[in-house]
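Q: Please take a close look at the surroundings of the ligand in this structure. I am new to it and would welcome one connected account.

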Amino acid sequence: MTLQSRIEAAAALDAAFASLDLAGRLQLVASLGGRAVFTTSLGIEDQVITAAIALSGAEIEVATLDTGRLFKETADLISETEERFGISIRRFHPAQDDIDAYAAKYGLNGFYESVEARHACCHVRKLVPLAKALEGASAWVTGLRRSQSGNRATTPFAEYDAERQLIKVNPLADWSLEEINAYVEKEAVPTNPLHKRGYPSIGCEPCTRAIKPGEPERAGRWWWENDEKRECGLHVPEAALPSLNSSSL
Ligand code: SF4
């Protein structure tokens, strides 16, 4: 697909999604031509999308970023999901040289010390592997939902991602958590046992805590930071993140 056709396809998907169910949305993405990749964090929304891809037969690759700091429950869920749906989830890992360079500069757990150090760790462990996962793709499917946080409240169904030059597709943008839970129950989708222990949003183990009653869904992510709009750069351009100079890792 040419750049112009990707821009036009993104607008067309955004307009079409409202009247389609999840399977229909995924089939439409697969029908665009080119390579479509869904990156899963194994969170409950992403488990719904993985299930829908497998059950609908939509030709969309499923990949995950294995940061090396995942909860054991999350790592176990990768294999369980593959078995449940008879699919293969491609793992993308950070480069050991990058991890060593990060540890030499900031310390292995240096992400607690500053926002800059935290974004540098996410860059090495998430963003570089993400770039590998999306290499040559024309569409990137994500599990973003508008009601996950104030920062995601305006998430479109689809948009042209100028930073990565592909169509970014959010087929669950308008879903509520109740709808997610209902789909999980109906299709017997395996989910991370941590969700039942107070973790609605699960990232790397050292950077995720359980939330308290009444807290927003993503309050347990990088909880030691004050910024209400905490993100890791996967869904916000790195240039927009505070204090990150990618040359500093
Ligand atoms: S979430 Fe934490 S451990 Fe994972 S990549 Fe980001 S800073 Fe590093």
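A: In this predicted model, 13 residues surround the ligand, and those that come nearest are Cys121, Cys122, Arg125, Cys204 and Cys207. Sorted by class, this shell holds seven nonpolar, two polar and four charged residues.

Four of the nearest residues also appear in a record: the unreviewed UniProt entry places the feature "binding site" at Cys121, Cys122, Cys204 and Cys207. These four positions are spread over 87 residues of sequence, yet they cluster in space, with a largest C-alpha distance of 11.0 Å.

Two of these cysteines may be followed in detail. Cys122 belongs to helix 6, which covers residues 115-133. Around Cys122 there are 25 other C-beta atoms within 10 Å; because 20 or more are required for a residue to be called buried, Cys122 is buried. Cys207, by contrast, is found in the segment after helix 7 (177-186). Cys207 has 22 other C-beta atoms within 10 Å and is therefore buried as well. When its neighbours within four places in sequence are set aside, Cys207 is in contact with Phe111, Arg221 and Trp222.

The contact with Phe111 leads to the nonpolar cores of the model. The largest nonpolar core has 38 residues, and Leu13, Val48, Ala139 and Val141 are those with the most contacts inside it. At least two residues of this core come from each of several elements, including helix 1 (3-16), helix 2 (22-30), strand 1 (35-40), strand 4 (137-141) and helix 7. Helix 3 gives the most, with six residues. Apart from neighbours within four places in sequence, Leu13 is in contact with Leu28, Val29, Phe157, Ala158, Ile167 and Val169. A second core, separate from the largest one, has twelve residues, and Phe111 is among them, together with Tyr102, Tyr106 and Ala120. Phe111 thus appears both in this second core and among the contacts of Cys207.

A wider annotation completes the account. The unreviewed UniProt entry places the feature "domain: Phosphoadenosine phosphosulphate reductase" at residues 36-210. The end C-alpha atoms of that span lie 33 Å apart, and the span is 38% helix and 15% strand.

Methods: Residues numbered from 1 in each chain as written. Predicted model: local features only at pLDDT ≥ 70, side-chain atom pairs only at ≥ 80, totals over all residues. UniProt positions renumbered as here; feature names shortened; annotations may be inferred. Helix = DSSP H or I, 4+ residues; strand = E, 2+ residues; numbered from the N terminus. Contact = placed C-beta atoms within 7 Å. Near = placed C-beta within 6 Å. Nonpolar A, V, L, I, M, F, W, Y, C, P; charged D, E, K, R; others polar. Core = buried A, V, L, I, M, F, W, Y, C linked by C-beta atoms within 7 Å.
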